[in-house]
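Me: I should like to go through the reasoning behind the labels attached to this structure. Please set each value against the criterion that it has to meet.

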Amino acid sequence: MRRRWERGKVFRSVLPHFEYVRPRSVKDAIRILARYRGEAALLAGGTDLVVRMKMDRAAPRAIVDIKRLAPLGGPVKPSGRSAIAIPPLTTLAEIASSALLKRRLPVLPATALLMASPQVRNRATVGGNLANAAPSADMAPPLMALGARVRIHTRGGVKTIPLEQFFTGPGETVLGVTGILGTITVPLLPRGARASYQAYTVREAMDLSIASAAVRVQKKAGKVVSACIVLGAVAPTPLRVPEAEEALTGTRGTAGDIDAAAEAASRASMPITDVRATEGYRRDIVRVVVRRALSEVLS
Ligand SMILES: Cc1cc2nc3c(=O)[nH]c(=O)nc-3n(C[C@H](O)[C@H](O)[C@H](O)COP(=O)(O)OP(=O)(O)OC[C@H]3O[C@@H](n4cnc5c(N)ncnc54)[C@H](O)[C@@H]3O)c2cc1C
């Protein structure tokens, strides 16, 4: 750390020159992105983008500020009778305090509260967290486990896809150069279903997950009838693990059943060794976070 600081490479105090553009509509924003052919970046809360620019990891020629685009903002609200619509510009603080989410999908406010600090949560958006596509992004696993669908605005029009199909690699999504992430629609939990998100970090706050797990499990007449288990930070993208879901489905969800699912999830994970943890340690932690999440929903 000292050596990096001595070389003056930790943070820039002055950002390189860029154009600042505030589009009047989503279509306008897409047109501008197309004009810059991959050399423009959308700005929502800026808590990922500006840090990357300061660390010389991003140098867009233009910054396209989408914060005031009405179709991407507004309140978290019901979508029909069986889902909740979350606009992409919703901040993590708004997710944490949403009375509707606390009542109907409490795993989402609980996840937002685990993330960053109050100052960062006041600016950081859920859309930015997903579009940035860090393998450790905390909102991705619970939204995927809940079966969220996302609206994508493209030059060809608007389409809706399962969040499961959104991520294509670390820092990469189906949005490509000109796509914009729109509303995230999350189905309500069916009767008998519960969800949990567990992340393991070395420090209690302001730290990236070593590994994380989100689960949604539905029980009927004492048996698990459906399960969705998604891992974070142990693969290039958030990873759904059907092997673990199958290990649990049809069982009574006993401690032994939970252990079998956690073992299957650990085997299916694809972690890497980096400065923060080894591959083997991450696999061990997958076992721990899956066990914790399943124990919470099956207790
Ligand atoms: C101190 C600190 C702590 C943090 N802690 C956590 C943490 O605990 N967990 C965690 O997961 N993250 C954490 N982060 C990362 C960051 O805060 C989150 O990922 C945040 O949600 C990003 O949202 P944003 O609105 O600030 O994104 P921005 O920085 O504005 O954008 C991020 C990327 O997404 C693109 N983008 C934004 N919105 C859209 C859209 N609607 N459509 C298409 N592309 C879009 C931008 O062009 C950019 O490339 C932390 C960051 C900091 C600085």
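Reply: The questions below take the sheets, the domains, the ligand shell and some single residues in turn. The model is a predicted one.

Me: What makes Val-14 exposed rather than buried, and where is Val-14 placed?

Reply: A residue counts as exposed if 12 or fewer other C-beta atoms lie within 10 Å of its own. Val-14 has 6 other C-beta atoms within 10 Å, and is therefore exposed. Val-14 belongs to the loop between helix 1 (2–6) and strand 1. Its C-alpha atom is separated by 51 Å from that of Ile-258, which is 244 residues away along the chain.

Me: Why is strand 12 said to be largely enclosed by the rest of the structure?

Reply: The criterion for a buried residue is 20 or more other C-beta atoms within 10 Å of its own. In strand 12 (residues 211–220), seven of the 10 residues are buried, so the strand is largely enclosed by the rest of the structure. Strand 10 (residues 180–187) is likewise described as mostly covered, since six of its eight residues are buried.

Me: How do you know that strand 12 pairs with strand 11 and with strand 13?

Reply: Two strands pair if DSSP finds at least two bridges between them. Strand 11 (residues 193–200) is joined to strand 12 by eight bridges, and the two run antiparallel. One position in that pairing is Ala-199, whose bridge partner in strand 12 is Ser-212. Strand 12 and strand 13 (residues 223–232) are linked by nine bridges, again in the antiparallel sense; here Gln-218 has Ser-226 of strand 13 as its bridge partner. With at least two bridges as the requirement, the eight bridges to strand 11 and the nine to strand 13 establish both pairings. The hairpin of strand 12 and strand 13 has two residues between the strands, and Ala-221 takes a positive phi near 45° there.

Me: What makes strand 4 and strand 7 edge strands?

Reply: The sheet in question is open and antiparallel, with five strands in the order 4-5-10-6-7. Strand 4 (77–79) and strand 7 (157–162) each have a single partner strand, so one side of each is left without a neighbour in the sheet. From one strand to the next, the twist averages 30°.

Me: How do you know which strands are joined to strand 10 in this sheet?

Reply: The bridges again supply the evidence. Strand 5 (residues 83–86) is connected to strand 10 by four bridges and runs antiparallel to it. Within that pairing, Ala-85 has Thr-185 as its bridge partner, and Ile-84 has Val-186. Strand 6 (residues 149–154) is also joined to strand 10 by four bridges, antiparallel as well, with Val-150 bridged to Ile-184. The threshold is at least two bridges, and four are found with strand 5 and four with strand 6, so both count as pairs.

Me: What makes the pairing of strand 2 with strand 3 qualify, and in which sense do they run?

Reply: Strand 2 and strand 3 (residues 62–65) share four bridges and run in the parallel sense, which satisfies the requirement of at least two. Ala-41 stands opposite Ile-63 of strand 3. These strands belong to an open sheet of three strands in the order 1-3-2, with parallel pairing. Strand 1 (19–21) and strand 2 (40–43) are its edge strands, each pairing on one side only. The twist here averages 25° from one strand to the next. Helix 2 (residues 26–35) lies across strand 1, strand 2 and strand 3, at about 170° to strand 3.

Me: How do you know that the ligand shell draws on both domain 1 and domain 2?

Reply: The domain assignment gives domain 1 (2–65), domain 2 (70–187) and domain 3 (193–298). Domain 1 and domain 2 each contribute at least three residues to the shell around the ligand. Of its 29 residues, Gly-45, Thr-47, Gly-128, Asn-129 and Ala-131 come nearest. The elements giving two or more residues include strand 2, helix 3 (49–54) and strand 10, while helix 8 gives the most, with five. By residue class, the shell has 18 nonpolar, eight polar and three charged members. As for domain 3, its C-alpha centre lies 34 Å from that of domain 1.

Methods: Residues numbered from 1 in each chain as written. Predicted model: local features only at pLDDT ≥ 70, side-chain atom pairs only at ≥ 80, totals over all residues. Domains from an automatic or database assignment. Axes fitted to C-alpha atoms, helices over the stretch in contact; angles between N-to-C directions. Contact = placed C-beta atoms within 7 Å. Near = placed C-beta within 6 Å. Nonpolar A, V, L, I, M, F, W, Y, C, P; charged D, E, K, R; others polar.
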